[in-house]
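Student: Before we discuss the terms used for this protein and its ligand, may I see the sequence and the structure?

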Amino acid sequence: THVFETLSDRLTTVFSSLRSKGKLSDADIDATAREIRIALLEADVALPVVRDFITQIKERARGAEVSQALNPAQQVVKIVNDELINILGGETRRVRYAKSPPTVIMLAGLQGSGKTTLAGKLSRWFKSEGHAPLLVAADLQRPNAVQQLQVLGERAATPVYAPEPGNGVGDPIKVARDSIEHARHAQHDVVIIDTAGRLGIDTEMMQQAADIRDAVGPDEILFVVDAMIGQDAVTTAQAFVDGVGFDGVVLTKLDGDARGGAALSVRHITGRPIMFASTGEKLEDFDVFHPDRMAGRILD
Ligand code: GDP
């Protein structure tokens, strides 16, 4: 299963009802657009995104040339596919490495979004790309977060920079700042900073994230969001745009069984690209996010 299954199923139904049609009339296009609209809304895609999506679909379906290669149903599938890719950001967005190392990656998001797990996954991925990452435990809020990161670091064979007991405990900003210095000395060219999240958006948490940001000047701030939290994904994303700002999005828990349409909206609503996706609890359940592959999977 995956979080876009509802959407997949609904769209398949819409397309199958078109299969017997010859040329599509304007009425056919309107009816199809209406069904796609319902499919998107039922999958929890945010309203403004649905609106733009449907407008594009209608315009393109009306303007579609009579084609020898594609029947009307195939044409609609192609248009929906193109629009999904568009909504998901078009091109794959690669990591931007700093001109002079280390490249600093800061993770932000709500508690439970999968940040700490992601830190481990990212470190494994950077290693596979030929880098020497350092994990930094700057989530000093959640009990066990430091230890959890150390376990993950061990599994990923990545060193972890954590506060020494009695030295900097409780000061995540100092930990983050010192970790950069440590990375320089120890020849780490990528630094991945795990930060604290709360269960809900809260100004103190935002301020702490903003302070860490100001202390380390990250090359990439990644907003981590659980695809299963529904419409809250959109409101949370907006709160993080305003409170901390971010360069890219990581969708987690795409392996879940809740409706994940809201996660599809995050790119369109915030204008920030989805860069990575997490699909399970294991370190290897993770990959670079490719909009075209995801669209293909939804329409499979
Ligand atoms: P944090 O509070 O943001 O640091 O979140 P954690 O990394 O501790 O993750 C919270 C829970 O979600 C843990 O039980 C993780 O194992 C789980 N988790 C993280 N990512 C995924 C994922 O992609 N899929 C699934 N199914 N579970 C995940």
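**Strands and ligand**

Tutor: Strands β6 (residues 248-252) and β7 (residues 274-278) run parallel and are joined by 3 bridges. This is a predicted model, in which local features need pLDDT of at least 70, side-chain atom pairs count only at pLDDT 80 or more, and totals for chains, interfaces and linings use all residues. Residues are numbered from 1 along each chain as its sequence is written, and side-chain values use heavy atoms, with hydrogens and water left out.

Student: What makes β6 and β7 a pair?

Tutor: Two strands (E runs in DSSP of at least two residues, numbered from the N terminus) pair if DSSP finds at least two bridges between them. β6 and β7 have 3 bridges, so they pair. In one of these bridges, Leu251 has Ala277 in β7 as its partner.

Student: Why are β3 and β8 said to stand at the edges?

Tutor: The open sheet has 8 strands in the order β3-β2-β4-β1-β5-β6-β7-β8, with mixed pairing. β3 (160-161) and β8 (286-288) each have a single partner strand, so one side of each lacks a neighbour in the sheet.

Student: How do you know that Gly112 makes a polar contact with the ligand?

Tutor: A polar contact is a pair of N or O atoms within 3.5 Å. A polar backbone atom of Gly112 is 2.7 Å from a ligand oxygen, so the pair qualifies. For Gly114 the corresponding backbone distance is 3.0 Å, and for Ser278 it is 3.4 Å.

Technical notes
Polar contact = N/O pair within 3.5 Å; in protein donor to acceptor, adjacent residues only side chain to side chain. Helix = DSSP H or I, 4+ residues; strand = E, 2+ residues; numbered from the N terminus.
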